[in-house]
Amino acid sequence: MSNTFGSLFRITTFGESHGAGIGVIIDGCPAGVAVDAARIQAALDRRRPGQSALTTPRKEADTVHIQSGLFEGVTTGTPISLFIPNADQRSDDYSHIAHAYRASHADYTYDVKYGRRDYRGGGRSSARETAARVAAGAVAMQLLAHFGVEVAAYVSAVGEVEVPVAYQELDFGRIDTNLVRCPHPETAARMEARIREAQAAHDTVGGVITGVARHVPAGLGEPVFDKLPALLGHALLSINAVKGFEFGSGFEGTKLPGSVHNDEFYTDETGAVRTRTNHSGGSQGGISNGQDIYFRVAFKPVATLLQHQQTINDQGEAITLVGRGRHDPCVLPRAVPIVEAMTQLVLADLLLRARANRL
């Protein structure tokens, strides 16, 4: 099992949903980066369970403990260890699935792969693991700040409810002003109603998160296999419940003729190279061109339902299963900081790699 992501800025996560806690080791972060622990905690607070009536009621403070790699608030160049204790496990909620395979969960596939599984909250397959990614992303964010790079994500669709305008027309300062993390207030209200509707029906609903990275310098990304969009796709598709990734104009761009889709270059009044449009999403040939990087990530509905569902047990016998435990009716609001974190990790890694590409 690979638990490591990244090349130069590299993370390894560990821990299970109902174990002692979740953690991450960051290796390769340069010395001399000022890291504010409060900013790491703030990122975790945006992801933690129990933060609103629209999320799982599991109560976790997700308090981060910095165990190594910093001295007087500055990175030393040695591995950074971050640990987040688990405090509110209710393992008995999962005793009924010790031998059952829940629909659309990883129970069966983990059994096939390893011959055993931790059924408590899904063990290692639980989205609880993403707390470690968010903590690491908050460190990457503070490295990116040295280069002026900013990353933001927001909920752009919940079920059939979609933001009707492009990201350029939105005020990202509004992302955290509502429970859904949507910067379009009218749509946010409709999204909240849609989630509450699913919640009342003991059902779940999926949606889409849009991510944007601004002030990314040109030249990030490798020419063949480690193209910028490919690395982002790898990172974002590794998040629990993600079923799709669309970069730049994505599938809608296939409907345009090349004469419209091409991004024409020009030199602005400062002498900087720009493009008149940005259908490419800030990358050409897999390398950043200095324009905004933007993408969309599709999340499926949460698989655990408080309804009867037909499935089988590990003996192949047909059974009826009712979900228990504490779960989100919609993962989108808490997934926003996870999408941001994985984007920050990719860009931090590529910025370090770019420094080795030329004298």
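Me: How many helices and strands are there in the protein?
Reply: Happy to start there. This is a predicted model, where local features need pLDDT of at least 70, side-chain atom pairs count only at pLDDT 80 or more, and totals for chains, interfaces and linings use all residues. Residues are numbered from 1 along each chain as its sequence is written, and side-chain values use heavy atoms, without hydrogens and water. Counting DSSP runs from the N terminus (helices H or I, at least four residues; strands E, at least two), the protein has 7 helices and 19 strands.

Me: What share of the 359 residues counts as buried?
Reply: Buried means under 20% relative accessible area, with a 1.4 Å probe and protein chains only. By that cut-off, the share of the 359 residues is 49%.

Me: Which helix gives the most to the largest nonpolar core?
Reply: Such a core joins buried Ala, Val, Leu, Ile, Met, Phe, Trp, Tyr and Cys residues through side-chain atoms within 4.5 Å. The largest one has 82 residues, and Phe9, Ile26 and Phe299 have the most contacts inside it. With 14 residues, the top contributor to this core is the helix spanning residues 332–354, H7.

Me: Which residues of the protein does Phe9 contact, beyond its neighbours within four places in sequence?
Reply: Contact means heavy atoms within 4.5 Å. Leaving those neighbours aside, the partners of Phe9 are Ile26, Asp27, Cys29, Val139, Ala140, Leu143, Leu345, Ala348, Asp349 and Leu352.

Me: How much of the contacts with a separation of 6 or more comes from residues 24 or more positions apart?
Reply: Here the pairs are sorted by their separation in sequence. Residues 24 or more positions apart account for 69%.

Notes: Buried means under 20% relative accessible area, exposed over 50%, partly exposed in between (1.4 Å probe, protein chains only).
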